[in-house]
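Colleague: Got a few minutes to go through this model with me? I'd like to poke at some helix packing and a few odd backbone spots.

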Amino acid sequence: MKSSMTRNWMLALVGLGMMHTTVSIAQSQSNKKNNAVSQTTLTPVDYVNPLMGTDSKVSLSNGNTYPAVGLPWGMNMWTPQTGKNGDGWQYTYGSDKIRGIKQTHQPSPWMNDYGQFSLMPVAGHAEFDQEKRASWFSHKSEIAKPYYYGVYLADHDVMAEVTPTERASMFRFTYGGADSAFVVLDAFDRGSEVQVIPEKNMLIGYSSRYSRGKLPNFKNYFIIVFDKPIDTYQILEEGKPVSGSKSTGKHAGAIIGFKKAAGKQIVQAKVASSFISAEQAALNLQELQQDSFEQIKAKGRDKWNEVLGKIEIEGATDEQYRTFYSTLYRTVFFPNKLYEINKEGKIVHYSPYTGEVLPGYMFAGTGFWDTFRALYPLLNLLYPSINKEMQEGLLNCYKEGGFLPEWSSPGFADIMVGNNSASVVAEAYLKGLRGYDIETLYKALQHGANNEGPMTAVGRKGVAYYNDLGYVPYDVGINENAARTLEYAYDDFAIYRLAKALGKSKEEIKLYADRSQNYKKLFDPETKLMRGKNKDGKFQSPFNPLKWGDAFTEGNSWHYSWSVFHDVQGLIDLMGGKTEFVTMLDSVFNQAPLFDDSYYGGVIHEIREMQIANMGQYAHGNQPIQHMIYLYNYAGEPWKAQYWAREVLNRMYKPTPDGYCGDEDNGQTSAWYVFSSLGFYPVCPAMDEYVMGAPLFKKATIHLENGKTFTIESPENSADNRYIKQAKLNNKAFEQNWIGHQTIQKGGTLAIDMDSKPNERRGANKEAVPYSFTLDNNKY
C-alpha cells in the first residue's frame, strides 16, 4: 500500500497530465493475472482521452471529433486549431501545425462552427496570416484534458494553455527566450469587429460567422483582459493594418505586443463571450472570479469528476476504463447552453429564430435523428435535471420559431430526416420529468406531425401523402422517403404514448396509435425487407436492398428494415415468425459488406466504414442500425444480443485517436457504448424499458439524481464469459429480457451470473419479451 503522501503526489501528476497510470508494482503483477486495473488512484476524468476519435478525415471517420475543452453542457468550448479558418475539420490528429486556440461551438465537422474566434501566441516576429503564424507541435508535448489543454508551440518557443468555465476561460502563455511576445486575435471572416482599449489591457469585439441556416442579428461578443500592460498593438482588416484602435469589416483581427523581459515570461488572459451583448460578455467574465489559473483548472476537474462520477465501474481493464469515461465525456457536451445570466440574475438567451434577447432557457447543437436513440435516454437516466432545462429550451424554440427544431446549429438547420423531436419530448415526460409546460410542447408535437415546416428538415416533409396514404411515396420527388415513413411511424407512437399519459381523447390517442402502424405499408413480403413504394401502391422497381440512400438515409434497406422500435413483434409477424426473424437478423452479419453507391455517385465515408469493419452489413458507424443487435431479445434468442453487443464493444471502440468506427455524432455513438457496457439499451426510447444485453464490467454503480444507487454486479465477467447464465434483481429471479426505467430509479442491485456458454433457456419464453405495440392489451 502506498503512503498517502505518495498517492497525493501521483494524483497531482495526473492532474497535470504528466502521468497516465498510477498502478503500483504489486497491482501490476496482480493485473497480469486478471487483466483488470484498480481504480484506487485515478478519478473518472483522469481516464478521459479528448483525442479519441480525432484521427479522421472526409473519406473515413474514426469519430470526427476534436479535443473539446470545456465544462459539461457549457456555452463555449476551446480546441487547438490545426485546420484552416472555416474548415469543419478544425483539429485532426495527423496534422503537425497549430494556427490558434479557438473558441468553438461546433457539433460536428459536417455542421461546421458558429461564432468562432481564436488566440495565438507568437514570438520573434508579429504575424497575423494564419499560415505564417502557425507553429509545429508534437503530441508528445501536448496535454489534453476535458478541463485543460496545453501545447508547446515549437516555432515560437511558447507553452500555450487554457482552462475554461461555462462562458469564460483563462489562458496562460509562457514565452521562452525570444526578444518579443505577441498574442494574435483572429475574429474570423463573414463580419467581425475588434477594438483595443490599451489603458485597460483589453480587447473587445465580435465574430458573426456561422455556417447553417439564417441567424438574424447574430454576433458572438467577446472580451479579453490581459494581466500585463499592452505595449504595442496593430489592428487589421483582411490581414492588412489599419489606423486607429478599432476595425469593423469582413475579417477583423489584432496583434497585441508585450514588453519582453529577459528569460521566460508569462502572460495570462481572461476571456469571456456572449451571444447577447458586449456588456453581457463582461458580465460573463465574472465567472472567473479572482481565481488563479490553477484554481480554475482544479474547479473544472472537480466538476468533471462530479458529472462523470454518476457511474462508477470496477473490474475493467485499463483500456476499458479509458474507453468508458472517454465516451461518457462525449455524451455531456451537446446540446450546449445558449442561455446566459443577466445582471438581474435572470436566465435570458439570444434567439436564433427571431434575433431578439428573450427570457428563459435555450440549448443548441444537436440533431435528433442521431440523438433521440440513446443520448437523450442517457440524459433521462443520469442527468434528468439538465434535460428538464432542455425541454424548457425546446418550448422556447417552438414559441420563437413556430416549430421544434430537428437539427439546431444553433437555429433551424436543413439537414437529415424525421420528426424525432416527438421522441425527445415524449420520452422526457414519460420518464418522469415535470415542472414545465408539457401541454404547449404537446401542441408543438401535433403541429410538427401535421405540417411541413419552413424547410425540408423541419416538420414533416411529405406529410400530406403520409397522412393520406400512410407512407411518403417513392415517386413524388421526396428523397429518402422510406426512411421518413419509418421514422414518422415511430414518432407517431411517441405522440400516442404522450397523448395517453396526458389523458387526451380516445379519438386523438387512436389517431396516432393507428399511424404508428404505417411501417407495415412499406414491408415487402417477397424480400422480407422495407422497400420504397410508389404513389399507386406498387413497390419501387428495380430494388436493390444493398443500395445506400435513395429511399433511405445514409444506409440501405438492410439497415432501415429494423426501424420499428415500438412494435418489433409486429415486424416479427410480417417476416413470418421468430425463426424467420432471427434468420434475417443473422443475415445482417452473415453477408459480405457489399454495397451499391450509385445514388451518391461514389463511396461516402459511412459506406467505407461498414466495408472495412468486417461485420457484414452491420454498419455501427451510423445510427439507423445501432439498436438492431438488441432485437434478438424479442425473438427468444437473447444470447445472440449478448454475443454481438460484446463484439461491438470490444472491436469498434478504443480510447485512441482512431477509437470510433464512424461519426461520434453529438454523443449518440458514445451513449451506445455507455448503455451497452452497463448491459442494456433503450431500443424504444418512448417506452419505460431498456432491452438487455450483458454487462462489460464486473461491477457498475449508477448514482441517480434522486439520491439512490443502482448496481449491476457480474463478478464472473471476463473476456470469455460474455453470456448471462442467470440473474437476480434485488435477490429475486430475473428472467426478463428488459428492465424498467422506473425500476432502476428505485435503486437496487441486478446480480448477473456470467458464463462462457449461452443459456438458451433463459429469456426464451414469450413472457420475457420487451414491449411491442402488437402485444399491448391496453392500447387505448
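Colleague: At roughly what angle do the axes of helix 19 and helix 20 cross?

Modeller: This is a predicted model, to be clear. In it, the axes of helix 19 (residues 638-651) and helix 20 (residues 668-678) cross at roughly 130 degrees and come within 10 Å. That makes helix 19 oblique to helix 20.

Colleague: And what's the handedness of the crossing of helix 19 and helix 20?

Modeller: Left-handed. On the helix 19 side the contact is made by A645, V648 and L649, and helix 20 brings W672, Y673, S676 and S677.

Colleague: How do the residues of that contact between helix 19 and helix 20 divide into nonpolar, polar and charged?

Modeller: Five are nonpolar, two are polar and none is charged.

Colleague: Y673 caught my eye. Which residues does Q320 touch?

Modeller: Leaving out residues up to four places away in sequence, Q320 touches Y673, L696 and F697. So Y673 turns up both in the contact of helix 20 with helix 19 and in the list for Q320.

Colleague: Where is Q320 found, then?

Modeller: Q320 sits in helix 6, which covers residues 318-330.

Colleague: Is Q320 buried or exposed?

Modeller: Buried: its relative accessible area is 16%, and the cut-off for buried is under 20%.

Colleague: OK, another helix pair. How do the axes of helix 11 and helix 14 cross?

Modeller: At roughly 50 degrees, with the axes of helix 11 (residues 438-449) and helix 14 (residues 506-515) coming within 14 Å. Helix 11 and helix 14 are therefore oblique to each other, and their crossing is left-handed.

Colleague: Which residues meet there, between helix 11 and helix 14?

Modeller: From helix 11 you get Y442, Q446 and A449, and from helix 14 you get E508, Y512 and R515. By class, that contact has three nonpolar residues, one polar and two charged.

Colleague: Switching to helix 8. How many of its residues are buried?

Modeller: Eight of eight, so helix 8 (residues 375-382) is mostly covered. The buried residues are L375, Y376, P377, L378, L379, N380, L381 and L382.

Colleague: Now the loops. Where does F275 lie?

Modeller: F275 is in the loop between strand 18 (265-274) and helix 4 (278-284). It counts as buried because its relative accessibility is 2%.

Colleague: What does F275 touch?

Modeller: Setting aside residues up to four places away in sequence, F275 touches M75, H105, Y114, F218, K219, N220, Y221, L338, E340 and Y350.

Colleague: How far is F275 from P80?

Modeller: C-alpha to C-alpha, F275 and P80 are 22 Å apart in space, and they are 195 residues apart in sequence.

Colleague: Backbone oddities next. What sort of peptide bond joins S409 and P410?

Modeller: A cis one, with omega at about -10 degrees. P410 is in the loop between strand 26 (407-408) and helix 10 (421-430). The bond from S541 to P542 is cis too, with omega near 0 degrees. P542 is placed in the loop between strand 28 (529-530) and helix 15 (557-560).

Colleague: Why flag those at all?

Modeller: Because most peptide bonds are trans, and most residues other than glycine have a negative phi.

Colleague: On that second point, what is phi for F188?

Modeller: Positive, about 65 degrees, although F188 is not a glycine. F188 is in the loop between strand 10 (181-186) and strand 11 (192-197). N217 also has a positive phi, near 55 degrees, and lies in the loop between strand 12 (202-207) and strand 13 (220-226).

Colleague: Are F188 and N217 buried or exposed?

Modeller: F188 is buried, with a relative accessible area of 0%, whereas N217 is exposed, with 58%.

Colleague: Last one: how many disulfides does the structure hold?

Modeller: Zero.

Colleague: What about C397 and C661, buried or exposed?

Modeller: C397 counts as buried because its relative accessibility is 3%. C661 counts as buried as well, at 12%.

Conventions
Residues are numbered from 1 along each chain as its sequence is written. This is a predicted model: local features need pLDDT of at least 70, side-chain atom pairs count only at pLDDT 80 or more; totals for chains, interfaces and linings use all residues. Side-chain values use heavy atoms; hydrogens and water are left out. A disulfide is a pair of cysteine sulfur atoms within 2.5 Å. Buried means under 20% relative accessible area, exposed over 50%, partly exposed in between (1.4 Å probe, protein chains only). Axes are lines fitted to C-alpha atoms, for helices over the stretch in contact, and angles run from 0 to 180 degrees between N-to-C directions. Helices (H or I, at least four residues) and strands (E, at least two) are DSSP runs, numbered from the N terminus. Angles under 35 degrees count as roughly parallel, over 145 as roughly antiparallel, 65 to 115 as roughly perpendicular and the rest as oblique. A crossing is left-handed if the near helix is turned anticlockwise from the far one by less than a right angle, and right-handed if clockwise. Contact means heavy atoms within 4.5 Å. Ala, Val, Leu, Ile, Met, Phe, Trp, Tyr, Cys and Pro count as nonpolar, Asp, Glu, Lys and Arg as charged, and the others, Gly among them, as polar.
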